[in-house]
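I opened this entry to record what I looked up in the model, working from single residues out to the whole chain.

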Amino acid sequence: MTQEEIQQLMADSAQNAIEPSRDEFNIELDGSINSIAMVDDLILGWIDKYKDEALEDQAVFTLCNIYGAYVGVVFPH
């Protein structure tokens, strides 16, 4: 993968964190440094809302990837 492809993948993955956070928890991840603090609460929210389903391998993989990408996209700015 090229650097541009990786950056696009990260941006797309970060977007995949924004929409469900808003839809499921009414929390707006706005791309600010302050919004990074909400990521921990969001992950705990997924576990609280979906219990064991949120702890299944695929769900953990997805949550780690989308929220990790979000933090990675926001943090350098």
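I first fixed my terms: a residue is buried when its relative accessible area is under 20%, exposed when it is over 50%, and partly exposed in between, with a 1.4 Å probe and protein chains only. The model is a predicted one, in which local features need pLDDT of at least 70 and side-chain atom pairs count only at pLDDT 80 or more, while totals for chains, interfaces and linings use all residues. Residues are numbered from 1 along each chain as its sequence is written, and side-chain values use heavy atoms, with hydrogens and water left out.

**Entry 1: serine 21**

I asked whether serine 21 is buried or exposed. Its relative accessible area is 0%, so serine 21 is buried. I then placed serine 21 in helix H1; helices here are DSSP runs of H or I with at least four residues, strands are runs of E with at least two, and both are numbered from the N terminus.

I looked next for the side-chain partner of serine 21, and found a polar contact with the side chain of tyrosine 67 at 2.7 Å. A polar contact is a pair of N or O atoms within 3.5 Å; within protein, one must be able to donate a hydrogen and the other to accept it, and residues adjacent in sequence count only if both atoms are side-chain atoms. Leaving out residues up to four places away in sequence, serine 21 touches Asn26, Ile27, Leu29, Leu42 and Tyr67, where contact means heavy atoms within 4.5 Å.

**Entry 2: the rest of helix H1**

I checked whether H1 has the span expected of its 23 residues, the expected span being 1.5 Å times one less than the number of residues. H1 should span 33 Å at 1.5 Å a residue, and its end C-alpha atoms are 33 Å apart, which agrees.

Which residues of H1 are buried? They are Ser13, Ala14, Ala17, Ile18 and Ser21, and the cover over the buried residues of H1 includes H2 and H3. I noted beside this that an α-helix has 3.6 residues a turn, so residues three or four places apart point the same way.

Serine 13 counts as buried because its relative accessibility is 16%, and it touches Asn65, Ile66 and Ala69 when residues up to four places away in sequence are not counted. Leucine 9, also placed in H1, is partly exposed at a relative accessible area of 43%; leucine 9 and alanine 69 are 60 residues apart in sequence and 8.7 Å apart in space, C-alpha to C-alpha.

Glutamine 3, another residue of H1, is exposed with a relative accessible area of 53%. I took the C-alpha distance from glutamine 3 to asparagine 34 as well, and it is 27 Å for two residues that are 31 apart in sequence.

**Entry 3: asparagine 26**

Just after H1, I stopped at asparagine 26, which lies in the loop between H1 and H2. Its phi is near 55°, a positive value in a residue other than glycine, and asparagine 26 counts as exposed at 68% relative accessibility.

**Entry 4: helix H2**

I then asked how far apart the end C-alpha atoms of H2 are. Helix H2 (residues 37–54) has 18 residues, but those atoms are only 20 Å apart, short of the 26 Å that a straight helix would reach at 1.5 Å a residue. Going along H2, I found a bend of about 75° at aspartate 48, the bend being the angle between axes fitted to the seven residues ending there and the seven starting there.

Lysine 51, which is also in H2, has a positive phi near 45° in a residue other than glycine. The buried residues of H2 are Val39, Leu42, Gly45, Trp46 and Ala54, and what covers them includes helix H1 (3–25) and helix H3 (57–74).

**Entry 5: the whole chain**

I closed with the totals: the protein chain has three helices and zero strands. Its radius of gyration is 13 Å, close to the 11 Å that the globule rule gives for 77 residues, so the chain is as compact as a globular protein of that length; the radius is taken over C-alpha atoms, and the rule is 2.2 Å times the number of residues to the power 0.38.

Buried residues make up 23% of the 77 residues. Among contacts between residues at least 6 apart in sequence, 59% join residues at least 24 apart.
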